[in-house]
Amino acid sequence: MVAMYSFKYPLFTRQLSFGTLLDLTEKQEAPQPYPSRPCRPRVAIIGAGITGVATACHIIDAGYDCHIFEAGSEDHIGGVWSQVNETSSLQVPSSFYKFHPAVEWSSLYPNRQEILGQVKKLWDNYDLAKRSTFNCRVENTYKEDGKWYVNSHSFGAFDGLVAAVGTCGEMYNPGMLGQQHYKGKILHSSQLAKSDVRGKNVLVIGGGASAVEALEFAVDNGALQTTVLARSEKWFLPRHATLNAALAATVGDRWGILAWIIEFLLRLFFYKELSEMAPPVNCEKGGIYSGTPICNSRVFDLIRKGRCQWLRGDVQCLTEDGVSFNRRKRGVLPGGEGELVVEKGQVVIMATGFKRPQLNFLPQSVKSSKYKSPNWYLQAFPTEDASIAAINCTWLDGIGSIGGGHIGVYARFLVAFLVDRQARPTTWMMQRWVDLVEMLKRPYKGGPLAFVTTMELYFWFLFMAAAQPSMWKWFKFIIMGPEESNGVPEQFKEAPLKSSKPVKFNPVYYDEKSGRSVIAETPVVLSR
Ligand SMILES: Cc1cc2nc3c(=O)[nH]c(=O)nc-3n(C[C@H](O)[C@H](O)[C@H](O)COP(=O)(O)OP(=O)(O)OC[C@H]3O[C@@H](n4cnc5c(N)ncnc54)[C@H](O)[C@@H]3O)c2cc1C
Ligand SMILES: NC(=O)c1ccc[n+]([C@@H]2O[C@H](COP(=O)([O-])OP(=O)(O)OC[C@H]3O[C@@H](n4cnc5c(N)ncnc54)[C@H](OP(=O)(O)O)[C@@H]3O)[C@@H](O)[C@H]2O)c1
């Protein structure tokens with residue numbers, strides 16, 4: 001239904017200049033939550049998790065437009081949070097998970113429902129339903145005449161791309177040797193609601209945050225004994241907002257001295273007599289500045305009360321009534337020597353994580369670059385093209401929060417790069433920045449950009465925005481956001497992004513006499 005449109009609505013011309021006539025159907029009613037400008041830049045956002053939704057809001061806040069593409073159906077709004085257990089909750093304090101200024105938390109560690117509620121609030125307030133397409137997996141993106149297209153021409157042209165596909169895709173369920181002989185129940189850690197563990201011995205395979213969640217679920221639901229079978233080393237941090245913030249406010253250290261001190265203090269005051277559970281000193285992967293720590297204060301209490309145990313080792317195979325496990329001592333690497341034991345249990349929970357979504361929908365120029373993710377400009381912009389931002393989906397490990405204010409900062413960097421050619425970094429510059437970080441962080445165990453803390457990210461945001469005179473006019477807006485900074489710099493407020501190619505089209509208007517929509521005979525030309 002293309003009726004009801006007339007030149008009365010400024011949005012009309014904007015729609016025509018960017019999309020197809022079909023797009024008009026989604027803009028039936030006039031009320032707009034933000035002022036509309038003809039030909040304003042439009043960004044394609046891939047993924048409707050907290051990153052995609054928050055980025056969309058930040059882009060709209062800046063006065064520009066966007067469209068979200070989500071592989072799942074409407075019940076995937078909120079991404080991974082929409083798919084996990086009812087009992088799942090945030091690991092970090094909620095004040096670190098303020099992915100948009102409008103987000104308000106009522107609890108310190110909000111649960112899934114509260115998180116999804118905040119996402120839905122943004123979704124409704126920013127009218128994102130009108131700017132989204134569901135059941136649309138992005139397989140391909142390409143550039144023509146300086147404009148981006150997503151999958152095909154049918155969604156119109158975009159000025160920038162945001163990959164917000166997250167790091168947790170489909171559940172990862174590695175087949176275990178002997179699985180067919182096991183007589184108990186096997187389930188994934190994201191399906192806990194379906195399990196009855198009362199009075200049973202529960203075995204949890206995996207040693208990440210999901211393993212902790214599975215352990216707590218089993219204990220809280222009356223399991224007799226719960227045993228976690230963890231393959232690799234991970235640090236536990238107490239759930240303590242100031243301590244968590246202090247750690248996120250460090251940047252690691254070149255010689256490992258700071259890590260040594262922090263690890264020593266954690267062993268002394270937090271692990272105490274359970275210090276055997278802590279990763280060894282100088283641990284290559286899983287040290288405090290090389291692996292993502294788990295924030296939890298309860299596991300040690302439960303171990304002390306004898307309700308559960310946490311074992312280090314390798315699963316050999318599943319037997320009829322349990323798991324054959326090579327139990328290793330601290331410091332012995334996975335696959336190394338240990339003691340073979342059989343842990344018996346009636347339920348096995350696979351807390352083996354999720355498959356990581358791939359970024360292979362990005363163009364060939366990005367895929368063939370020698371600068372591979374996460375070694376991109378500010379960890380998010382592929383060095384080949386600053387009109388692409390991959391937010392929260394390139395990192396491997398870190399200390400901080402995925403739902404932090406950095407999502408807005410990235411979105412505003414992107415806006416600046418899109419509308420201000422002087423601010424847009426060249427490939428040469430972006431690659432030199434990556435080289436610089438690589439040089440500075442060469443001795444760091446986590447790798448140059450694979451492991452970052454919140455502080456480190458913000459240091460580079462500030463540094464890159466301050467070190468280039470072309471960015472100074474953007475500085476306040478990028479770092480503080482539109483509300484605090486009075487929006488984008490004046491010259492970019494109303495000015496549409498100009499392109500060499502004007503857009504020519506025959507508009508559709510509503511003919512009041514006939515009560516029908518009619519295609520105008522005279523074409524209109526809009527310069528972009
Ligand atoms: C139980 C649980 C607790 C957590 N707790 C914390 C915590 O305390 N602190 C923290 O910082 N993080 C936590 N996390 C990590 C969590 O992943 C992030 O906080 C955050 O939710 C990630 O959001 P996202 O939008 O980046 O990715 P996702 O939520 O994974 O969303 C990505 C979306 O992109 C879509 N998508 C993927 N590929 C495509 C494609 N090709 N085309 C179109 N759409 C696509 C997916 O369908 C999905 O909806 C937790 C995760 C879990 C599972
Ligand atoms: N409440 C919370 O805060 C919460 C809860 C759940 C998830 N999360 C988040 O969600 C993300 C995913 O966490 P996750 O714990 O699900 O996944 P994860 O961090 O990837 O951990 C998966 C674990 O499974 C192990 N594993 C994988 N395959 C295995 C195999 N074949 N045999 C034995 N062990 C195997 C891994 O060992 P290796 O390391 O040796 O590969 C790892 O210990 C993280 O960002 C996490 O912070 C948070």
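Two residues are in contact if their C-beta atoms, placed from the backbone, lie within 7 Å. That idea comes up again and again below, and it applies here to a predicted model.

First, the overall picture. The protein chain runs to 528 residues, and 42% of them are buried. It holds 13 helices and 22 strands. Looking just at contacts with a separation of 6 or more, 68% join residues that sit 24 or more positions apart.

Helix α11 (residues 454-467) is a good place to start. It has 14 residues, which at 1.5 Å a residue should span 20 Å, and the C-alpha atoms at its ends are indeed 20 Å apart. Its buried residues are Thr454, Glu456, Leu457, Phe461 and Ala465. What do these buried residues of α11 pack against? Their partners are three helices and a strand: α5 (241-248), α9 (406-419), α12 (472-480) and β18 (451-453).

Helix α10 (residues 427-440) also has 14 residues, and its reach of 20 Å from first C-alpha to last is close to the 20 Å expected. Here the buried residues are Met430, Trp433 and Val437. Viewed down the axis of α10, they fall within an arc of 55°, so they line one face of the helix. And which exposed residues does the face turned away from the buried side of α10 carry? That face has Trp428, Leu436 and Met439.

Loops can hold buried residues too. Val197 belongs to the loop between β7 (185-188) and β8 (201-205). Is Val197 buried or exposed? It counts as buried because it has 24 C-beta neighbours inside 10 Å, and the cut-off for being buried is 20 or more. Leaving aside residues up to four places away in sequence, Val197 touches Val202, Ala218, Asn221, Gly222, Ala223 and Val347. Val197 and Val219, 22 residues apart in sequence, are 8.8 Å apart in space, C-alpha to C-alpha.

Finally, there is ligand 2. It has 21 residues around it, and those that come nearest are Gln91, Gly206, Gly208, Ser210 and Gly353. By type, the shell divides into 9 nonpolar, 10 polar and 2 charged residues. Which helix supplies the largest share of this shell? That is α4 (residues 209-220), with 4 residues. The shell also draws on two domains, taking at least three residues from each of domain 1 (39-169 + 356-519) and domain 2 (185-350).

Technical notes: Residues are numbered from 1 along each chain as its sequence is written. Chains are lettered from A and ligands numbered from 1 in the order in which they are written. This is a predicted model: local features need pLDDT of at least 70, side-chain atom pairs count only at pLDDT 80 or more; totals for chains, interfaces and linings use all residues. A residue is near a molecule or strand if its C-beta atom, placed from the backbone, lies within 6 Å of it. Helices (H or I, at least four residues) and strands (E, at least two) are DSSP runs, numbered from the N terminus. Ala, Val, Leu, Ile, Met, Phe, Trp, Tyr, Cys and Pro count as nonpolar, Asp, Glu, Lys and Arg as charged, and the others, Gly among them, as polar. Domain bounds come from an automatic or database domain assignment. The expected span of a helix is 1.5 Å times one less than its number of residues. A residue is buried if 20 or more other C-beta atoms lie within 10 Å of its own, exposed if 12 or fewer, and partly exposed in between; C-beta atoms are placed from the backbone. The arc is that of the directions from the helix axis to the C-beta atoms.
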